[in-house]
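Biologist: I'd like to go through this model with you and ask how you back up each label. Can you put it on the screen?

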Amino acid sequence: MTRLTGGALRVTIFIGESDSWHHKPLYSEIVHRAHKAGLAGASVFRGVEGFGASSLIHTSRLLSLSEDLPVAVVVVDTEDRVRAFLPQLDELVESGLVILDACEVIRYAGREKEA
């Protein structure tokens, strides 16, 4: 696993919550592959409302419950490592949006307790 501080590349993958890979949630497969690849970090964020290429609005509001809410998977590491991971996303993501943007990482670690 990379311990990252300074310049980095963030990849955000926008997919639907119901998207799957071999009967498993697609977002979970992406996170597990990122972990296996030794990338610095990955998180999944579930949206409460959104739309994509289909122009259908998916929402979590009580009166129009959706089983396909938007999901964003965010992965961060050095540019070289993220770009090396992109072919796996090509294999996994059939319909979605992938965004790359430069970012700066400030890594915080727990403070040592004073005696």
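Biologist: Which residues of the largest nonpolar core touch the most other members?

Modeller: Bear in mind that this is a predicted model. The largest nonpolar core has 18 residues, and those touching the most other members are Val11, Ile13, Ile15, Ile30, Val73, Val75 and Leu89. β1, α1, β7 and α2 each supply at least two residues of this core, and α2 gives the largest share, five residues.

Biologist: What does isoleucine 15 touch, not counting residues up to four places away in sequence?

Modeller: Quite a list: Leu26, Tyr27, Ile30, Leu69, Pro70, Val71, Val73, Val93 and Ser95. There's also a second, separate core of five residues, and Leu4, Ala8, Val76 and Val105 are among them.

Biologist: What makes you say β1 is largely enclosed by the rest of the structure?

Modeller: Just count the buried residues: eight of the eleven in β1 are buried, so the label fits. The strand also has partners, with nine bridges joining β1 to β8 in an antiparallel run and eight bridges pairing β1 with β7, again antiparallel. Valine 11 stands opposite leucine 100 in β8, while leucine 9 stands opposite aspartate 77 in β7.

Biologist: Why is glutamate 29 called buried?

Modeller: Buried means under 20% relative accessible area. Glutamate 29 comes out at 13%, so it counts as buried. This residue lies in helix α1, and beyond its neighbours within four places in sequence, glutamate 29 is in contact with Trp21, Lys24 and Leu92.

Biologist: And why does arginine 33 count as buried?

Modeller: The cut-off is under 20%, and arginine 33 has 16% relative accessibility, so the label holds here too. Arginine 33 is also found in helix α1. Leaving aside neighbours within four places, arginine 33 is in contact with Trp21, Phe85, Gln88, Glu91 and Leu92.

Biologist: How do you know that glutamate 29 and lysine 24 form a salt bridge?

Modeller: We ask for a side-chain nitrogen of Lys or Arg within 4 Å of a carboxyl oxygen of Asp or Glu. For glutamate 29 and lysine 24 the N to O distance is 3.4 Å, so the pair passes the 4 Å test. Lysine 24 has a relative accessible area of 30%, so we call it partly exposed. There's a network of salt bridges here as well, linking Lys24, Glu29, Arg33 and Glu91.

Biologist: How many salt bridges does a search of the whole structure find?

Modeller: Seven. In one of them, the side chains of arginine 10 and aspartate 101 meet at 2.8 Å, N to O. Arginine 10 sits in strand β1 and aspartate 101 in strand β8, so this pair ties together parts that are 91 residues apart in sequence.

Biologist: What separates arginine 83 and glutamate 79 in helix α2?

Modeller: About one helical turn, because they are four residues apart in that helix. Their side chains meet in a salt bridge too, at 2.9 Å from N to O.

Biologist: Last one: why is leucine 97 called partly exposed?

Modeller: Partly exposed covers what lies between the buried cut-off, under 20%, and the exposed one, over 50%. Leucine 97 has a relative accessible area of 47%, so it gets the middle label. Leucine 97 has its place in strand β8, and Phe14, Leu97 and Ile99 form a nonpolar patch on the surface with about 250 Å² of accessible area together.

Technical notes
Residues numbered from 1 in each chain as written. Predicted model: local features only at pLDDT ≥ 70, side-chain atom pairs only at ≥ 80, totals over all residues. Heavy atoms only, no water. Core = buried A, V, L, I, M, F, W, Y, C linked by side-chain atoms within 4.5 Å. Buried < 20%, exposed > 50% of the residue type's maximum accessible area, 1.4 Å probe, protein only. Contact = heavy atoms within 4.5 Å. Patch = residues over 30% accessible without salt bridge, like charges linked within 9 Å, V, L, I, M, F, W, Y side chains within 5 Å. Areas by Shrake-Rupley, 256 points an atom, 1.4 Å probe, with all protein chains shown as cover. Pairing = 2+ DSSP bridges.
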